[in-house]
Amino acid sequence: KAFPTPLSKAMSMVGSKASRSAHGTHIPGLTSLAYGNGSRDSTGVPELKKAVVEDDGYVEFEWLAHGSSAYTVRAEGVLPSERPQGEFDVGLWVTCNCPDGLTRGGRTRGGRMQMGHRLVVCKHANAALSTVHDPEAEVDVELKLKKAKLEAAERERQRIESETAEKKKQDELMPGERERIESVLEKISGAELVKMIREKIKTVEGLKSAASLFSEDLMPKLKYCFRCNSDYNPQSASERICRVEHPDNCTHTSCEGSWTECRRCNKCFLVSRDQMTAFLVSGNPNDRDDVPDDEGPYYFEGEHTSDQELVDEEESHYFRDNIPEVRRRCLEN
């Protein structure tokens with residue numbers, strides 16, 4: 001197949017067709033940042049056989065490339081100015097029927113020219129596409145790159161200037177102290193540093209010094225979650241999710257102790273993977289299909305909350321409206 005999807009589907013992604021131009025000179029929006037050569041080798045410029053550009057940006061280009069054999073390179077579709085959000089992900093389909101192209105043929109996604117959307121093509125497609133860049137888009141990309149480099153250079157200049165000024169103040173007010181601290185930090189181990197800080201925060205003055213070093217922007221105060229009854233750091237990825245294990249008084253162990261059912265959320269979970277393995281090996285083979293999937297040890301996984309009323313409302317709503325028999329059963333265990 002020449003293209004991963006039928007042409008009719010590709011056409012439906014860009015709406016109704018506009019009038020065609022007799023001959024296209026470039027692919028709208030295409031720049032050197034949209035693709036890259038997946039081969040270390042290069043090749044001559046393929047012969048352009050077809051070039052159609054419609055008013056809405058839809059293109060049909062075809063080249064004939066010569067190598068160990070004759071190969072056909074095709075580019076068809078539209079390279080949008082921004083990543084579409086519709087049912088189909090509109091893009092520029094690029095294919096070549098050379099051995100390398102058959103494994104690398106793909107689709108240039110989006111029009112933001114970001115690395116994540118960069119298409120890796122064979123050497124024939126790379127040579128073909130290099131001849132049909134959009135001049136205006138290339139100029140725009142070059143201007144943006146120059147602007148980004150200038151802004152980065154300015155930020156670096158400001159950083160160096162600020163650090164130099166601060167160093168000068170330090171030398172005037174606290175001569176030799178920065179060098180002394182840096183020397184200590186180079187030699188002291190992490191464990192020794194932690195031990196030293198723990199000793200210092202035992203006094204009021206030591207705690208003030210540590211608090212100024214570890215500001216709340218860097219280390220915010222812990223918050224308390226009323227759902228899982230634990231403190232958590234809102235900036236810590238490992239502590240961001242609230243997890244509550246199945247209540248012991250709402251669980252019922254089945255299948256020779258290998259898995260447990262929670263009456264509160266109707267989930268099944270493994271008590272012990274060793275027990276489950278033993279059951280599958282030595283248990284009745286006819287019962288193995290009845291073993292449920294492990295749905296995890298938590299009846300709740302979601303956001304933490306500091307709203308006690310919300311937690312009380314969740315509990316009340318669950319027991320009252322969701323499964324009326326659960327409360328009675330849980331209390332009976």
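Among contacts in the protein chain between residues at least 6 apart in sequence, 56% link residues at least 24 apart. The model is predicted. The chain has 333 residues, and 30% of them count as buried. Its secondary structure comprises ten helices and 14 strands.

The largest nonpolar core holds 25 residues. Within this core, the residues with the most contacts are Ile27, Leu30, Phe61, Trp63, Ala75, Val94 and Leu129. At least two core residues come from each of β2 (47-53), β3 (59-66), β4 (70-77), β5 (91-96), β7 (119-121) and α3. Strand β3 gives the largest share, four residues. Another core lies apart from this one. That other core has six residues, including Cys225, Cys228, Val244 and Tyr299.

Two residues named in the larger core also take part in the surroundings of His133. Leu30 is one of the residues that His133 touches, and the backbone oxygen of Leu129 is reached by the His133 side chain at 3.5 Å. His133 itself sits in the loop between α3 (123-129) and α4 (135-173). Its relative accessible area is 18%, so His133 counts as buried; the cut-off is under 20%. A polar contact of 2.6 Å joins the side chains of His133 and Tyr35. Tyr35 is also on the contact list of His133, which excludes residues up to four places away in sequence. The other entries on that list are His26, Leu30, Thr31, Ser32 and Glu138.

Strand β10 spans residues 241-245. Cys242 and Val244 form its covered face. Ile241, Arg243 and Glu245 form the uncovered one. Val244, on the covered face, is among the residues of the six-residue core. Strand β10 pairs with β14 (residues 298-303) in the antiparallel sense, over five bridges. One bridge partner is known by name on each side: Cys242 in β10 is matched with Gly302 in β14. Tyr299, another member of the six-residue core, falls within the residue range of β14.

The loop between β14 and α9 (308-322) contains Asp307. Thr305 is found in that loop too. The two residues differ in exposure. Thr305 has a relative accessible area of 8% and is therefore buried. Asp307, at 36%, counts as partly exposed, because the partly exposed class lies between 20% and 50%. The side chain of Thr305 reaches the backbone nitrogen of Asp307 at 3.1 Å. The Asp307 side chain, in turn, has a polar atom 3.2 Å from the backbone nitrogen of Leu310. Leu310 is also in contact with Thr305.

Contacts of Thr305 extend to a distant part of the sequence as well. Leaving aside neighbours within four places in sequence, Thr305 is in contact with Tyr224, Cys225, Phe226, Arg227, Leu310 and Val311. Cys225 belongs to the six-residue core. Arg227 also lies 8.6 Å from Asp307, C-alpha to C-alpha, although 80 residues separate the two in sequence.

The largest pocket has a volume of about 700 Å³. Its lining consists of 19 residues. Leu193, Ile197, Ala210, Leu213 and Phe214 lie nearest the pocket centre. Helices α5 (177-187), α6 (190-200) and α7 (204-213) each supply at least two residues of the lining.

Technical notes: Residues are numbered from 1 along each chain as its sequence is written. This is a predicted model: local features need pLDDT of at least 70, side-chain atom pairs count only at pLDDT 80 or more; totals for chains, interfaces and linings use all residues. Side-chain values use heavy atoms; hydrogens and water are left out. Buried means under 20% relative accessible area, exposed over 50%, partly exposed in between (1.4 Å probe, protein chains only). A polar contact is a pair of N or O atoms within 3.5 Å; within protein, one must be able to donate a hydrogen and the other to accept it, and residues adjacent in sequence count only if both atoms are side-chain atoms. Contact means heavy atoms within 4.5 Å. A nonpolar core is a set of buried Ala, Val, Leu, Ile, Met, Phe, Trp, Tyr and Cys residues joined through side-chain atoms within 4.5 Å. Two strands pair if DSSP finds at least two bridges between them. On a 1 Å grid over the protein atoms alone, a cavity is a set of points where a 1.4 Å probe fits but cannot get out, and a pocket is an open set with protein on both sides within 12 Å along at least five of seven lines; lining residues have an atom within 4 Å of a point. Grid points are joined across faces, edges and corners, and a volume is the space filled by probe spheres set on the points.
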